[in-house]
Amino acid sequence: MPVTVLLVDDEPLVRAGLRAVLAAQPDIEVVGEAADGAAVIPLVRQLRPDVVAMDVRMPLMDGIEATRALLRTVSDPPKILVVTTFENDEYVYEALRAGADGFLLKRARPAEIVHAVRLVAEGESLLFPASVRQLAAEYGDGGGNRAARAAMERAALTEREAEVLRLMARGLSNAEIAGRLIVGTETVKSHVSAVLAKLGARDRTQAVIAAYESGFVAPG
């Protein structure tokens, strides 16, 4: 089955460019478009896309609020890929904190756009880990987030779970973590699931953000 994508951007040229790039792939299908975040929830309910590629800055409802609303009101929500002009942008970090699964630069090459959609859809690796680390270093409170620290303490991760979380933060996929720890991929998947459950994280991106904000992993 192809990965289905909903495009949300107030610039028609951006939507047209993304559609052209993604529709050229045999394993990706663009199922709809919207010009503002306010249209996301009804379209997601109607089209049930696997991924929403959404501009972070829009006039009526931006990508941050649309992400919050989508995750709050839609059961089994799609993956959310924030599309942005600027990489080092506090809006991007706030979207990740709100629950977005990754971000994509509007100037990205076609191959990078396709890779980002596939990677976010699979959910087994962190998209642009170095950039997430840089954003966390600039906007993530330097490990001083009390709520994040308390949540990490309550999680009481085992030694192996903690090791898996550190490797997740470095951007390693499940297969790469398995190779590093000399265990099976299914074992790694079980550890990742346990980490997410204990942290109350939707996916590995939110788990890594929590790791940075709690000071469990240093972003530098």
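1. Let me start at Asn-88. Beyond residues up to four places away in sequence, Asn-88 touches Gln-134, Leu-135, Glu-138 and Tyr-139. Keep in mind throughout that this is a predicted model. Asn-88 sits in the loop between β4 and α4. With Tyr-139, the sequence gap is 51 residues, while the C-alpha to C-alpha distance is 9.7 Å. Is Asn-88 buried or exposed? Neither label fits, because its relative accessible area is 35%, which makes it partly exposed.

2. Next, the helix after that loop. In α4, the buried residues are Val-92, Tyr-93, Ala-95, Leu-96 and Ala-98. Their cover includes α3 (63-73), β4 (79-84), β5 (102-105), α6 and α11. Right behind α4 comes Gly-99, with a positive phi near 130°.

3. I'd spend some time on α11, which is mostly covered: nine of its ten residues are buried. The buried set is Arg-204, Thr-205, Gln-206, Ala-207, Val-208, Ile-209, Ala-211, Tyr-212 and Glu-213, so charged side chains are in there too, given that Arg and Glu count as charged. What do the buried residues of α11 pack against? Six helices: α4 (90-98), α6 (129-139), α7 (146-155), α8 (159-169), α9 (174-181) and α10 (185-199).

4. Both ends of α11 have something to look at. At its start, a side-chain oxygen of Asp-203 comes within 3.1 Å of the backbone nitrogen of Thr-205. Just past the helix, Gly-215 has a positive phi of about 85°.

5. Now for the enclosed space. How many cavities of 30 Å³ or more does a search of the whole structure find? The search turns up one, and its volume is about 90 Å³. Around it are Lys-79, Asp-101, Leu-119, Val-120, Gly-123, Glu-124, Ser-125, Leu-126, Leu-127, Asp-203, Arg-204 and Thr-205. Two elements, α5 (110-122) and α11 (204-213), each give two or more residues to that lining. If you were expecting a greasy hole, check the composition: four nonpolar, three polar and five charged residues. Note that Asp-203 and Thr-205, the pair at the start of α11, both belong to this lining.

6. The largest pocket also involves α11. Its volume is about 320 Å³, and 15 residues line it, with Arg-97, Leu-199, Gly-200, Gln-206 and Ala-210 nearest the centre. Here the elements giving two or more residues are α7 and α11. Which element gives the largest share of the lining? That is α11, with five residues. By type, the pocket lining splits into eight nonpolar, four polar and three charged residues.

7. On hydrophobic packing, the largest nonpolar core has 54 residues, and the ones touching the most other members are Val-8, Met-54, Leu-70, Leu-165, Met-168, Ile-177 and Leu-199. Apart from it lies another core of 22 residues, including Leu-22, Val-83, Ala-116 and Val-120. Leu-199 is also among the residues nearest the centre of the largest pocket, and Val-120 also appears in the cavity lining.

8. Leu-165 is worth clicking on. Outside its neighbours within four places in sequence, Leu-165 contacts Met-152, Leu-157, Val-195, Leu-199, Ala-207, Val-208, Ala-211 and Phe-216. Of these partners, Ala-207, Val-208 and Ala-211 are buried residues of α11.

9. Over at the other end of the chain, Arg-15 belongs to helix α1 (residues 12-23). Arg-15 counts as buried because its relative accessible area is 14%, and the cut-off is under 20%. Its side chain reaches the backbone oxygen of Asp-9 at 2.6 Å. Setting aside neighbours within four places in sequence, Arg-15 is in contact with Leu-7, Asp-9, Asp-10, Glu-33, Ala-34 and Ala-35.

10. Last one: Met-58, in the loop between β3 (51-55) and α3. Why does this loop residue count as buried? Because its relative accessible area is 8%, against a limit of 20%. Past its neighbours within four places in sequence, Met-58 is in contact with Val-8, Asp-9, Asp-10, Ala-35, Asp-36, Gly-37 and Gly-63. Met-58 and Ala-35 are 23 residues apart in sequence, with their C-alpha atoms 8.2 Å apart. Asp-9, Asp-10 and Ala-35 appear among the contacts of Arg-15 as well.

How values were computed:
Residues numbered from 1 in each chain as written. Predicted model: local features only at pLDDT ≥ 70, side-chain atom pairs only at ≥ 80, totals over all residues. Heavy atoms only, no water. 1 Å grid on protein atoms, 1.4 Å probe; cavity = no way out; pocket = protein on both sides within 12 Å on 5 of 7 lines; lining within 4 Å. Points joined across faces, edges and corners; volume = space filled by probe spheres on them. Helix = DSSP H or I, 4+ residues; strand = E, 2+ residues; numbered from the N terminus. Core = buried A, V, L, I, M, F, W, Y, C linked by side-chain atoms within 4.5 Å. Buried < 20%, exposed > 50% of the residue type's maximum accessible area, 1.4 Å probe, protein only. Contact = heavy atoms within 4.5 Å. Polar contact = N/O pair within 3.5 Å; in protein donor to acceptor, adjacent residues only side chain to side chain.
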